[in-house]
Amino acid sequence: MVSIPGNSIRKALPMDATPSIFDRASLLASEFAARAARHDRDASFPFENFDRLSEARLLALTVPAALGGAGAGALDAARIINILGKADPSTALVLSMHYIQHLVMARSTRWPSRLARKLARETVEGVALINALRVEPDLGSPSRGGLPATIARRTETGWRLSGRKIYSTGAPILKWYAVWAKTDEPDLRVGLFLVPAGLPGTRIVETWDHLGLRASGSHDILFDDVVFPFDHEIDVRKPQDWLLPDFTQATVHAIFVAAIYDGVARAARDWLIDFLKSRVPSNLGASLATLPRVQEVVGGIEARLAVNARLIESFAADFDDGVALGASESNIIKLTVTNNAVAVVEAALSLTSNHGLTRANPLERHYRDVLCGRVHTPQDDATRVNAGRLALGI
């Protein structure tokens, strides 16, 4: 197994693929970590990170090998996301959304094969990222139901798209949008349309000024009568046909989001360990690491991280092996890992006093970043309610 600085998830995961992709990710992670504080402070987008990912041939990680990619599954992709999430979770978030879309393309019977091949070729050859744009000001999270206000009108020249999407992660760099919209047809349909970025009538409104993940460029994107071809329908159905979520999308989304926030917690843990070993109060005459109370709290941190590693590893491996998995279980994995991650950083703060909250140290940034896990779809309340209903047969 290739060694990575710190107690990363890969120490708990067996290496069953060529280590070169993990070596490359680890080298890039050092670069990304060095820039993360500046991008966080300025809320600037880390374009250079994606140039480096492309050079390292990591953007095409989940593109099928037959189409020139690495053909990685969820487990190896989660490892890469975890390594990068530890360094710069904003970069890891944008990358994870891109990975999800290519995994869906590879497994879906609904994605038009011509378009899937085109996008695969582009991401193998350069920086050509895609993300799904679903959330709207009035709709909120589509995972809670409701029809989008964004509308695709059928015309003689193609579809014409109008609407506004919010929290569009990676907006400054995306080349393709998978836009969740409804049609104006008499028999209304709803679903995803593939829209090239930069078409006339498309505008990015820089609204993202968040507590955490500040470098993710999750701005609003406006579509004002944007024309795109008829054959760019991805998956458009009657509303009632969307009652069951896309299995691949839901499962890998839960795994990858969990891997990001677990990475943040591991970055916090590593900084804490260095702090506790080097901090020697004059009244103690020894490092803080020698205190039993400190050792107990750190042990609790290690326990949570060990649980996270096992959950991510086993669930991603099951997905790759074709084990039947449920959406509720996927959501529970995300809930458990992200809440463990938040608890890890909060425990680190409890041991560091003012040092943990000063901008001169990274722990306050890790705390702001990890809190985003609680509001990242699927939200905890929806996960618990759904699990409760299933248990009660309601």
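The structure is a predicted model, and the protein averages a pLDDT of 93. Of the residues, 94% score at least 70. Over residues 1-17, however, the pLDDT is below 50. Beyond near neighbours in sequence, this stretch nevertheless has 49 contacts in the model. Where pLDDT is low, the predicted coordinates should not be read in detail.

A suitable place to begin is helix 2, which comprises residues 47-55. Which residues of helix 2 are buried? They are N49, F50, L53 and S54. These residues lie on the same side of helix 2, because they cover an arc of only 135° around the axis. The elements that cover the buried residues of helix 2 include three other helices, namely helix 1 (20-42), helix 3 (74-87) and helix 4 (89-107), together with strand 1 (129-133). After helix 2 comes R57, and the phi of R57 is positive, near 60°.

Positive phi values also appear elsewhere in the chain. One of the residues concerned is L213, which is not a glycine and has a phi near 50°. L213 belongs to the loop that runs between strand 6 (202-205) and strand 7 (219-228). Is L213 buried or exposed? L213 has a relative accessibility of 4% and therefore counts as buried, since the term applies under 20% relative accessible area. S353 is a further residue other than glycine with a positive phi, in this case near 55°. Whereas L213 is in a loop, S353 lies in helix 9, which spans residues 353-357.

The backbone also contains a cis peptide bond. Which residues does this bond join? It links T377 and P378, with an omega of about -5°. P378 is placed in the loop between helix 10 (363-371) and helix 11 (380-392).

The last stop is an aspartate in a helix. D270 is found in helix 6, which covers residues 247-278. D270 has a relative accessible area of 16%. Because the cut-off for a buried residue is under 20%, D270 is classed as buried. With which side chain does the side chain of D270 make a polar contact? The partner is the side chain of R269, at 3.0 Å.

Taken together, these places offer several points of entry for a reader new to the model. Helix 2 has its buried residues on the same side, the loop between strand 6 and strand 7 holds L213, the loop between helix 10 and helix 11 holds P378, and helix 6 contains D270.

Key: Residues numbered from 1 in each chain as written. Predicted model: local features only at pLDDT ≥ 70, side-chain atom pairs only at ≥ 80, totals over all residues. Heavy atoms only, no water. pLDDT = per-residue confidence, 0-100. Contact = heavy atoms within 4.5 Å. Helix = DSSP H or I, 4+ residues; strand = E, 2+ residues; numbered from the N terminus. Buried < 20%, exposed > 50% of the residue type's maximum accessible area, 1.4 Å probe, protein only. Polar contact = N/O pair within 3.5 Å; in protein donor to acceptor, adjacent residues only side chain to side chain. Arc of directions from axis to C-beta.
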